[in-house]
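Student: I would like a close look at a single part of this structure, with the terms spelled out as we go.

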Amino acid sequence: MRHASALRMLAAVSALAALAALGGAPLLGEDEAARLSNRAAQDRDIVYSLHDPGAHSFLLHHDYTENREGMDHYVNVVRKGSTSSKPSANLLDTGDSLETRTLRGEEISKAKVDIGEPVKPDSEAVVVRFPPVKKGRTVRIRITETYTDPKSYRLEGDELVFDRSFGRPRNTVILPAGWYLTASSIPASVSETEDGRIRLVFVNGRPDEIAVLLHARRRLDTSKAAPAR
Amino acid sequence: MASEAAAALIYWPALIPLFLSLTLFAAAGPAAAPAAAPQTQADEYTRYELLGPETSSFRVVYDVTATSAGATRYFNPIRKGSEASRESVNDRMTGESLKFEVVSAEDARATGLADAEAGTQYIRVALPRPVPAGGQVRLRIDKTYRDPVSYFREGDEIVFTRSLGIKRNTIVLPAGYELTRCNVPSQVLTEPGGRIALDFVNSNPEAATLTIRARRLPQ
């Protein structure tokens with residue numbers, strides 16, 4: 001999931017990083033502003049709840065706070081390789097449902113939605129509408145979608161593999177019911193959800209992406225394991 | 001000789017500092033033993049291998065580098081509340097076993113560890129060579145701790161809870177157990193034998209107050 005402004009920043013980062021790699025020049029401008037932004041104060045919280053790996057899909061919750069006066073929509077640009085379905089959104093402050101619309105290719109251009117990058121035939125964006133933010137106020141929004149991405153979420157032999165980069169500071173991944181963790185490339189704290197699913201919490205205080213690679217295996221019995229002997 | 005004596009007389013003001021020093025030395029009474037240089041170390045890493053939970057025991061493999069120039073001994077504390085056994089020490093440069101003794105704090109203090117803590121026992125390792133100036137002696141201290149307060153069973157889970165002062169750590173679960181909780185962000189890996197291992201680097205200044213829970217997998 002990407003916010004349009006984040007995409008612009010990422011594009012600037014990539015271009016400037018390439019320039020820096022070629023010439024050793026310092027990174028400047030928008031990238032520098034992004035790198036020096038207050039990471040701890042970012043309020044986005046993303047939860048990936050994995051379905052059975054055979055479906056290559058996961059439920060995704062994305063919470064964020066909008067504080068720009070007059071802002072009345074949120075654009076979620078679907079990552080290449082992923083498809084989004086069943087989008088919904090609600091205002092966490094009131095519980096109210098919000099209008100969501102999935103736009104593809106030309107529909108994005110016709111609706112004059114800025115996705116922070118050139119619109120291509122396979123571009124996909126979910127647009128969430130909400131009442132304009134009033135002066136001095138904020139709104140907290142939750143966007144819920146099902147993502148399908150066979151490349152980043154798959155089954156290899158008898159192992160589940162989840163391989164995805166996270167740019168936001170706070171991300172949670174919940175394994176499907178009946179699966180236990182066998183590997184995590186990035187340090188995470190681990191706990192169980194109330195229904196016994198394994199949950200990993202990643203907190204990245206640095207202004208970079210983390211390449212999360214998870215492996216898990218199915219327990220022989222999907223109920224909780226036998227008591228220790 | 002006569003001329004030297006004459007020179008001393010001629011330059012007698014130069015002897016005043018020496019005279020003052022001797023006077024102060026006499027006033028201070030018998031000479032105190034020179035204070036031992038504090039023990040220093042680097043590159044510490046600990047691997048904890050949890051043994052069968054019924055034993056409340058875990059193996060501790062501690063890699064440490066002695067860096068106090070001239071030191072001929074290295075002292076490793078045995079944590080209070082932990083009962084140590086199966087100790088061995090190796091020189092990591094040569095792989096050779098090193099001699100060691102378990103000594104009291106008093107013994108440790110008397111033989112080089114000035115700040116040995118009362119009531120604590122120490123593994124006193126005889127270093128295979130004095131730590132060279134600007135150099136180091138790399139050690140591996142292998143021991144097994146029994147500590148029912150740190151490692152115990154609770155319901156259908158096992159719990160390993162311990163304050164870890166060393167910054168780099170690996171904790172290996174017993175065979176056949178899955179991880180259900182870990183409060184310190186850690187990598188999770190599967191070792192070649194199939195055991196789940198947690199790996200973390202504590203970048204905070206204080207010790208990591210680690211708690212791990214694990215549950216036996218269905219057979």
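Which residues of strand 12 (residues 196–201) of chain B lie on a covered face, and which on an uncovered one?

Tutor: This is a predicted model, in which local features need pLDDT of at least 70 and side-chain atom pairs count only at pLDDT 80 or more, while totals for chains, interfaces and linings use all residues. Residues are numbered from 1 along each chain as its sequence is written, and chains are lettered from A and ligands numbered from 1 in the order in which they are written.

In strand 12 of chain B (strands being DSSP runs of E, at least two residues, numbered from the N terminus), the covered face consists of I196(B), L198(B) and F200(B), whereas A197(B), D199(B) and V201(B) make up the uncovered one. In a regular strand the side chains alternate between the two faces of the sheet.

As for its partners (two strands pair if DSSP finds at least two bridges between them), strand 12 of chain B pairs in the antiparallel sense with strand 10 (residues 168–172) of chain B over 5 bridges, and there D199(B) has T170(B) opposite. Strand 11 (residues 177–190) of chain B also runs antiparallel to strand 12 of chain B, joined to it by 4 bridges, with L189(B) standing opposite A197(B). These two strands, 11 and 12 of chain B, form a hairpin with 5 residues between them, and in the turn G194(B) has a positive phi of about 100°.

Strand 11 of chain B, in turn, pairs with strand 12 of chain A in the antiparallel sense over 3 bridges, where C182(B) is the bridge partner of V190(A).

Methods: A residue is buried if 20 or more other C-beta atoms lie within 10 Å of its own, exposed if 12 or fewer, and partly exposed in between; C-beta atoms are placed from the backbone.
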